[in-house]
Amino acid sequence: MRHSPNYTIDTQDYYLTLNNPNKQYDNSNITLKVILYLSSILNEDGLNNNTHIIKTSDIKTDLNISNLTLFNASLDYISSLTFNYKLDKLNRWCYVDNIITTYTHNKGYYKIVFSDDFIILLNRTKQFYQIPKALLKSDIRYYRHSIFIANYILLHQRRNMRQEREKNRHTITIKKLLANCPLLPLYEDLDKEQRQVTRTILKPFENNLNYACKLLGKQWAYIDTEPTTYLDFLKAKITIS
């Protein structure tokens with residue numbers, strides 16, 4: 001997700017790869033908000049309809065997005081995606097042309113038509129789920145990584161709901177969370193002479209993790225002592241309760 005136009009979303013044994021030829025449309029944190037929002041709408045309806053009307057006022061209220069140009073750009077981006085998904089453990093894949101077939105922006109509302117294949121995917125793999133409304137309203141202007149962190153926490157806890165995985169449900173590695181924060185700079189890309197890891201990676205990560213947990217009504221803590229070096233930070237695990 002960091003250095004590739006291919007986005008991968010995984011849950012348990014299923015994988016969805018999103019292939020995007022129009023990277024210029026992407027505003028990653030807003031786009032993730034929008035696709036989670038749209039998937040929530042489909043799930044709320046029980047995946048019974050592929051056409052939905054969304055009021056522009058709902059976009060401003062539900063997503064905390066006042067600039068509809070940004071919403072339009074995200075829809076353009078999502079409309080440009082094709083996707084592959086893993087059918088089973090035998091590594092068989094299915095290729096699908098699009099997520100959104102068409103969308104129109106009329107006065108006061110959007111009409112969005114989703115592809116039947118995307119509806120089938122949601123029903124088959126349960127890739128998406130109901131997103132807490134507080135998370136969709138998150139202030140990504142100041143906490144631009146929070147939507148990614150919160151979404152991964154939800155995915156992690158959801159995939160570990162089975163009794164045999166329960167012990168892992170509330171434990172997450174920092175390394176895995178960082179891998180799901182595409183807007184955080186990579187350590188390797190920082191200036192070698194003056195990396196300022198605390199200012200550029202550690203502090204923003206912790207601030208956004210605090211905010212994400214607040215939105216989810218959760219608390220987090222390091223399992224062992226708080227790391228003092230970047231290497232220790234990468235090896236650390238946290239509990240989410």
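How many bridges pair S9 and strand S10, and in which sense do these strands run? S9 and S10 (residues 237–240) are joined over 3 bridges in the antiparallel sense, where two strands count as paired if DSSP finds at least two bridges between them. One such position is Trp220, which stands opposite Ile240 in S10.

The model is predicted, so that local features need pLDDT of at least 70 and side-chain atom pairs count only at pLDDT 80 or more, while totals for chains, interfaces and linings use all residues. Residues are numbered from 1 along each chain as its sequence is written, and side-chain values use heavy atoms, with hydrogens and water left out.

Helices (H or I, at least four residues) and strands (E, at least two) are DSSP runs numbered from the N terminus. S9 and S10 belong to an open, antiparallel sheet of 3 strands in the order S8-S10-S9. Strand S8 (171–173) and strand S9 (220–222) stand at its edges with a single partner strand each, so one side of each has no neighbour in the sheet. A second open sheet, also of 3 strands with antiparallel pairing, has the order S3-S7-S6; its edge strands are strand S3 (51–55) and strand S6 (100–106), each pairing on one side only. Between S3 and strand S7 (residues 109–114) there are 5 bridges, and Ile54 has Tyr110 in S7 as its bridge partner.

The table lists helices that pack on the second sheet, where contact means heavy atoms within 4.5 Å and angles run from 0 to 180 degrees between N-to-C directions, with axes fitted to C-alpha atoms, for helices over the stretch in contact.

| Helix | Strands touched | Angle |
|---|---|---|
| H1 | S3, S6 and S7 | about 120 degrees with S3 |
| H3 (residues 68–79) | S6 and S7 | about 160 degrees with S6 |

Asn29 has its place in helix H1 (residues 28–44) and is buried, with a relative accessible area of 6%, where buried means under 20%, exposed over 50% and partly exposed in between (1.4 Å probe, protein chains only). Not counting residues up to four places away in sequence, Asn29 touches Ile140, Arg144, Ile147, Phe148 and Leu183.

The largest nonpolar core (buried Ala, Val, Leu, Ile, Met, Phe, Trp, Tyr and Cys residues joined through side-chain atoms within 4.5 Å) has 66 residues, of which Val34, Leu38, Ile153, Phe205 and Ile238 touch the most other members. Its largest share, 10 residues, comes from helix H8 (residues 197–216). Leaving aside neighbours within four places in sequence, Phe205 is in contact with residues including Ile149, Ile174 and Phe233.
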